[in-house]
Amino acid sequence: MMRVLAIESSCDESAVAVLDARRGLLAHELWSQIDLHRQYGGVVPELASRDHVRRLLPLVRQAMQKADTSAANLDGVAYTAGPGLVGALLSGAALARSLAYGWKLPVIGVHHLEGHLLAPFLEDPAPGFPHLALLVSGGHTMLIEARGIGSYRLLGETRDDAAGEAFDKSAKLLGLPYPGGPQLAALAAQGRPDQFDLPRPMLDRPGFDFSFSGLKTAVMLAARAAPLDDQRRADLARAVQDAIVDTLCGRTLRALEHTGLQTLVVAGGVGANLELRARMTAGAAQRGAHVYYPRLEFCTDNAAMIAVAGLQRLQAGEHDNSRTGVRARWPLSELQPPRAAQP
Ligand code: KG4
Ligand code: ZN
């Protein structure tokens, strides 16, 4: 039995969680830096790092208090080691490794995307393996065949913008504040369907890659073509969301058919989009497949998902006690199934 403390700091959320193998999630705390970055229209890396340094230790105290846990009850520490902003990653890594050293606990650096992929395992029922996973975040759009923990085969990915980026950039063109994804989704709920004809790139091509960069150009042209009153802005938001959701569902459902898998996981920030969830669930059901999602708050960045991935690896005896460093870039394909560390 194991209990881990986990720290996430790869981008603009500072988060800490305590997960117990038997009793489940005992605490999860999150500080979002959105207000800090909003005036710049995007994440400013240096400000992100400094804020993580300020926020993380108080969050650790808070999470341990809520989990009624002292260092003596912990069996390991996990932190996000990449991919992400290098300064932001380093602030979390330094704290996690210092705590583990002081408390004489094993420490493990977790792959952020593995965290996203394993977030649905915090729910009941949890998905089984093998499954197809659609990972849709601000930085990534990937279709993955997951055969087990650490065994991920990439079927397709975006050739340009990520789905979250497509949401955020389109939202910016519509004059919505950063990060625009959730705001665009809220506006789209007021929009009428089929008022704008936006492209669905790659949808008619073979394979499982995505492309979203043409969409933002089309949105820019549509927004420029005529002044948009409130209803037309909502209509355009609806058209953007429909185009992104169509593209994601089209590719993913085809991959389900291609692989013959019956289990689908949708993870990452864009997985919080309710229209995507409704369309994906219905489409999968028609093909006899079931979709598993993280709860809404664990679609976007959080430490609970880092705790799940860290716990799996620490339980297998894996640790990074003698390896330091974080990785801004870290291909998911480099991961291996959990294994005991070499002496
Ligand atoms: O996974 P995440 O928190 O961070 C990364 O690892 O990238 O994903 C953030 C992305 C942002 O692009 C955000 O706009 C998008 O997820 N997002 C949404 C929604 N909630 C978050 N996009 C569309 N609809 C939503 N409800
Ligand atoms: Zn993320």
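**Figure 1. Salt bridges between domain 1 and domain 2 of the predicted model**. Between domain 1 and domain 2 there are zero salt bridges, a salt bridge being a side-chain nitrogen of Lys or Arg within 4 Å of a carboxyl oxygen of Asp or Glu. Polar contacts are present instead: five residue pairs, both residues at pLDDT 80 or more, are found across the interface of domain 1 and domain 2. A polar contact is a pair of N or O atoms within 3.5 Å; within protein, one atom must be able to donate a hydrogen and the other to accept it, and residues adjacent in sequence count only if both atoms are side-chain atoms. The model is predicted, so local features need pLDDT of at least 70 and side-chain atom pairs count only at pLDDT 80 or more, while totals for chains, interfaces and linings use all residues. Residues are numbered from 1 along each chain as its sequence is written, chains are lettered from A and ligands numbered from 1 in the order in which they are written, and side-chain values use heavy atoms, with hydrogens and water left out.

**Figure 2. The two domains and the area they bury**. Domain 1 covers 3–118 + 299–334 and domain 2 covers 128–293; such bounds come from an automatic or database domain assignment. Their centres, taken over C-alpha atoms, are 27 Å apart. The contact (heavy atoms within 4.5 Å) takes 18 residues from domain 1 and 20 residues from domain 2. Together the domains bury about 1,600 Å², with 72% of it on carbon and sulfur atoms. Buried area here is the accessible area (1.4 Å probe) that two parts lose on being put together, summed over both. Of the area that domain 1 buries against domain 2, 36% is supplied by Leu113, Leu117 and Cys299, more than by any other three residues.

**Figure 3. Salt bridge in helix α1**. By the salt-bridge rule the count comes to 21, and one of them joins the side chains of Arg38 and Asp35 at 2.9 Å, N to O. Arg38 and Asp35 are three residues apart in helix α1, so about one helical turn separates them. Helices (H or I, at least four residues) and strands (E, at least two) are DSSP runs, numbered from the N terminus. Arg38 is partly exposed, with a relative accessible area of 34%, and Asp35 is exposed at 60%. Buried means under 20% relative accessible area, exposed over 50%, and partly exposed in between (1.4 Å probe, protein chains only).

**Figure 4. Two salt bridges in helix α2**. In the pair of Arg50 and Glu46, the closest N and O atoms are 2.8 Å apart. Both residues lie in helix α2 (residues 45–66), four residues apart, about one turn of the helix. Arg50 is exposed at 51% relative accessibility, and Glu46 is partly exposed at 46%. Arg55 and Asp51 form a salt bridge through their side chains, at 3.4 Å, N to O. Arg55 and Asp51 are four residues apart in helix α2, so about one helical turn separates them. Arg55 is partly exposed, with a relative accessible area of 30%, whereas Asp51 is buried at 3%.

**Figure 5. A network of salt bridges**. Asp161, Glu165, Lys169 and Lys216 are linked through salt bridges into this network.
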